[in-house]
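Open the model in your viewer and keep the selection tool at hand. The stops below run in order.

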Amino acid sequence: IEGLAAFPDDRHLLVALEKPLADATARELLWLEFDTQARAWTGRSWRYALSPGAEGVGEIVLAEADRGYALESAGPAGKGPRLVRRFRLLNDGRISTETVVDLARLADPERLGPPWPGTPPGRLYLPFTALESLALVDGGERLIVGNDNNFPYGIVRQRARRRPDDSEFYLIALPDTE
């Protein structure tokens, strides 16, 4: 279990497995509903199809009872997609998705972020493997994305110094909704 989000009823949780099941035939994650009052699984579940190149979901957050955001990432440090995807839980057990933020191509016109090899000027790249924090703020207009440095193992930006990365948090404006 990696992603966990509370439904608006404050009784149910959406529980997301981080990676596909060992016997999965498709690149999908299983998401389940848990009833906190009954302390039991409800039997409702959904299938989340990963983006090409993605290996898992680090976090999820619900904006409404059937809509939210997922944080996908993949690959060794500095490689693979790092995406925020808007999702909708469908009645047939599927999850529809669309990419709304590519964390490898964030605009950084004031160059506030640290440089990363191969990143063009005016862009910020989040190279981390453990992007595992996601929160909606400002009524859902912005999102906080955070890196869990997995101390003492998360060494990406500080590789040359051989010390763990700082935990980094980014406040990102979301594009207009559907």
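Two strands count as paired if DSSP finds at least two bridges between them. Keep that rule in mind for the sheets. One caution before starting: this is a predicted model.

**Stop 1: the four-strand sheet**

Select strands 5 to 8. These 4 strands form an open sheet in the order 5-6-7-8, with antiparallel pairing. Look at the edges: strand 5 and strand 8 each pair on one side only. From one strand to the next, the twist averages 30°.

Now narrow the selection to strand 6 and strand 7. Strand 7 covers residues 82-89, and the two strands pair in the antiparallel sense over 7 bridges. Which residue stands opposite arginine 82 of strand 7? Serine 73 does.

**Stop 2: the three-strand sheet**

Move on to strands 11 to 13. Here 3 strands form an open sheet, antiparallel, in the order 11-12-13. Strand 11 and strand 13 are the edge strands, each pairing on one side only. Neighbouring strands of this sheet are turned against each other by 25° on average, direction ignored.

Zoom in on strand 11 and strand 12. They pair in the antiparallel sense over 6 bridges. Select valine 137 next: opposite this residue stands arginine 142 in strand 12.

Stay with arginine 142. Its side chain meets that of aspartate 138 in a salt bridge, 2.5 Å from N to O. Are these two residues buried or partly exposed? Aspartate 138 has 43% relative accessibility, so this residue counts as partly exposed. Arginine 142, at 34%, also counts as partly exposed.

Elsewhere, select Glu64, Asp66, Arg67 and Arg88 together. Salt bridges that share partners join these residues into one network.

**Stop 3: the nonpolar cores**

Hide the charged side chains and show the nonpolar ones. The largest nonpolar core has 18 residues. Val84, Val101, Leu103, Leu126 and Val145 have the most contacts inside this core. Which elements give two or more residues to it? They are strand 6 (67-73), strand 8 (95-102), strand 11 (131-137), strand 12 (142-147) and strand 13 (169-173).

Pick valine 101 from that core. Leaving aside neighbours within four places in sequence, valine 101 is in contact with Arg82, Leu83, Val84, Leu106, Ile172, Leu174 and Pro175. Apart from this core lies another, of 17 residues. Among its members are Leu14, Trp31, Leu62 and Ala70.

**Stop 4: tryptophan 46**

Select tryptophan 46, in strand 4 (residues 40-49). Buried or exposed? Its relative accessibility is 3%, under the 20% cut-off, so tryptophan 46 counts as buried.

Expand the selection to its contacts, not counting residues up to four places away in sequence. Tryptophan 46 touches Phe7, Leu14, Leu29, Leu30, Trp31, Leu32, Glu33, Leu89, Leu90, Gly93, Arg94 and Ile95. For leucine 90, show the backbone too: the side chain of tryptophan 46 reaches the backbone oxygen of leucine 90 at 3.2 Å.

Try a distance label as well. Glutamate 28 is 18 residues from tryptophan 46 along the chain, and their C-alpha atoms are separated by 9.6 Å.

**Stop 5: salt bridges across the chain**

Bring the charged side chains back. Side chains of opposite charge can pair when their charged atoms come close. The count of salt bridges in this model comes to 11.

Start with glutamate 33, one of the residues that tryptophan 46 touches. Glutamate 33 forms a salt bridge with arginine 44, with the closest N and O atoms 3.4 Å apart. The pair links distant parts of the chain: glutamate 33 is in strand 3, arginine 44 is in strand 4, and they are 11 residues apart. Colour both by accessibility. Glutamate 33 is at 5% and therefore counts as buried, whereas arginine 44 is at 45% and counts as partly exposed.

Finish at lysine 19 and glutamate 55. Their side chains meet in a salt bridge, 3.8 Å from N to O. Lysine 19 lies in the loop between strand 2 (12-16) and strand 3 (28-35), and glutamate 55 in the loop between strand 4 and strand 5 (56-62), so the pair ties together parts 36 residues apart in sequence. What is the relative accessibility of lysine 19? The value is 39%, so lysine 19 counts as partly exposed. Glutamate 55, at 39%, counts as partly exposed too.

Terms used
Residues numbered from 1 in each chain as written. Predicted model: local features only at pLDDT ≥ 70, side-chain atom pairs only at ≥ 80, totals over all residues. Heavy atoms only, no water. Buried < 20%, exposed > 50% of the residue type's maximum accessible area, 1.4 Å probe, protein only. Contact = heavy atoms within 4.5 Å. Polar contact = N/O pair within 3.5 Å; in protein donor to acceptor, adjacent residues only side chain to side chain. Core = buried A, V, L, I, M, F, W, Y, C linked by side-chain atoms within 4.5 Å. Salt bridge = Lys/Arg side-chain N within 4 Å of Asp/Glu carboxyl O. Axes fitted to C-alpha atoms, helices over the stretch in contact; angles between N-to-C directions.
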